[in-house]
Amino acid sequence: MGGAHHVSGPVLVLGTGLLGASIGLGLSRLGVDVRLSDPSPTAQLVAQDIGAGRVLAPGDALEPQLVVVAAPPDVAAAVVADALRVYAGATVIDIASVKASILRSLQDDVAAGRLGAEQLRRYVGTHPMAGREKSGPAAARGELFTAMPWVVCAHETSDPAAVRVAGDVAIDLGATVVRLDAAEHDAAVALVSHFPQIASSLLASRLMNAPAHALALAGNGLRDTTRIAASDPKLWIQILSHNAPELVTILHGLREDLNRLIATLEAPDAEGAHLDLAELMSQGNAGQARIPGKHGAPPQAFAVVTVIVDDRPGQIAELLTAVGEAGINLEDLRMEHSSGHQVGLVEMSVLPGRSAELTEFLTQRKWKVIQ
């Protein structure tokens with residue numbers, strides 16, 4: 001089913017993993033002619049079967065408007081360079097999680113005469129800030145990028161027309177375009193994406209030899225902070241090594257904080273120890289409060305109404321129906337399961353001015369609202 005779009009196609013997607021196949025699926029649904037290529041014959045056939053495009057046959061005389069390089073960071077620069085040489089009229093973008101190392105590699109190719117300066121003008125680095133815990137083309141979703149940031153990193157010699165095409169594909173897929181240079185991008189994702197992955201993995205690694213009775217006490221706090229520790233190690237090895245300079249700076253700061261905390265906890269009754277702990281926790285509060293919530297609002301902009309629900313079919317649907325009958329919009333929703341009990345907690349975020357109204361409405365209808 002086609003729709004209004006900016007990218008005319010054909011589009012060649014090189015790499016049919018989760019992101020590459022999702023891009024192909026989203027553009028194909030808009031009626032764009034998408035061709036697929038992947039070193040894995042199985043992956044590209046799966047991507048074709050789910051509707052992400054048609055496999056590029058050997059010898060096809062394709063003249064794409066756009067080439068999307070959806071390859072891992074360690075090979076992305078080589079694949080981009082090859083695409084720039086083969087497809088002389090195409091804009092070439094990559095969607096890797098790091099940008100500066102790829103751009104440096106391409107600039108080195110120009111300096112060494114392996115790539116022309118005019119060819120490099122058609123390259124634009126991009127990074128869609130979207131993903132899933134699942135990988136591969138079978139996990140692809142055409143709506144994966146909807147309302148998500150898509151960073152466009154034009155370099156000094158990027159052709160404005162190529163930059164426009166790079167932004168167009170993001171817009172066509174429902175993403176929000178953010179413009180940064182490669183260095184700004186890598187510094188930003190080091191802090192908000194790569195560092196959290198490291199912290200989550202280090203935390204989860206402490207659980208390897210934990211006794212079963214300790215893990216039985218785990219709640220949503222541990223699940224939330226270790227969720228991304230389940231990510232693909234092979235991909236993250238590449239991401240972390242390519243963005244090492246930015247991460248080292250952050251980790252040095254973390255080491256200073258840890259050393260400070262260790263010193264305080266080694267003498268918890270010393271003068272000033274409690275103040276030091278209070279400052280550390282307060283700094284965490286202040287940092288967490290800066291994370292944008294729905295529509296860019298801080299999390300504190302919403303009130304939370306918590307309801308106990310039984311573990312039986314239809315309970316959540318009935319609760320959401322009741323909220324709808326109250327005429328109150330939910331800003332966010334999360335669930336927490338109660339270990340060892342057939343109940344759960346549903347936490348619903350609403351505008352502060354509506355929380356008392358929602359609590360009263362649900363209580364009158366015999367829902368168990370935690371006051």
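**Exercises on salt bridges and strands**

E347 is partly exposed, because its relative accessibility is 23% and that class lies between buried (under 20% relative accessible area) and exposed (over 50%), using a 1.4 Å probe and protein chains only. This is a predicted model, where local features need pLDDT of at least 70 and side-chain atom pairs pLDDT 80 or more, while totals for chains, interfaces and linings use all residues. Residues are numbered from 1 along each chain as its sequence is written, and side-chain values use heavy atoms, leaving out hydrogens and water.

**Exercise 1.** Find the salt-bridge partner of E347 and place both residues in the chain.

*Solution.*
- Step 1: A salt bridge needs a side-chain nitrogen of Lys or Arg within 4 Å of a carboxyl oxygen of Asp or Glu.
- Step 2: E347 meets R334 in such a bridge, at 3.3 Å from N to O.
- Step 3: E347 sits in strand β11 (residues 343-350) and R334 in strand β10, 13 residues apart; strands (E, at least two residues) and helices (H or I, at least four) are DSSP runs numbered from the N terminus.

**Exercise 2.** Find what R334 pairs with in helix α9.

*Solution.*
- Step 1: The side chain of D224 forms a salt bridge with R334 at 2.9 Å, N to O.
- Step 2: This pair links β10 (residues 332-337) to α9 (residues 220-226), and its members are 110 residues apart.
- Step 3: R334 has 35% relative accessibility, so it counts as partly exposed; D224, at 43%, is partly exposed too.

**Exercise 3.** Describe how β1 joins β2.

*Solution.*
- Step 1: Strands pair if DSSP finds at least two bridges between them.
- Step 2: Four bridges join β1 (residues 11-14) to β2 (residues 34-37), and the two run parallel.
- Step 3: V34 in β2 is the bridge partner of V11.
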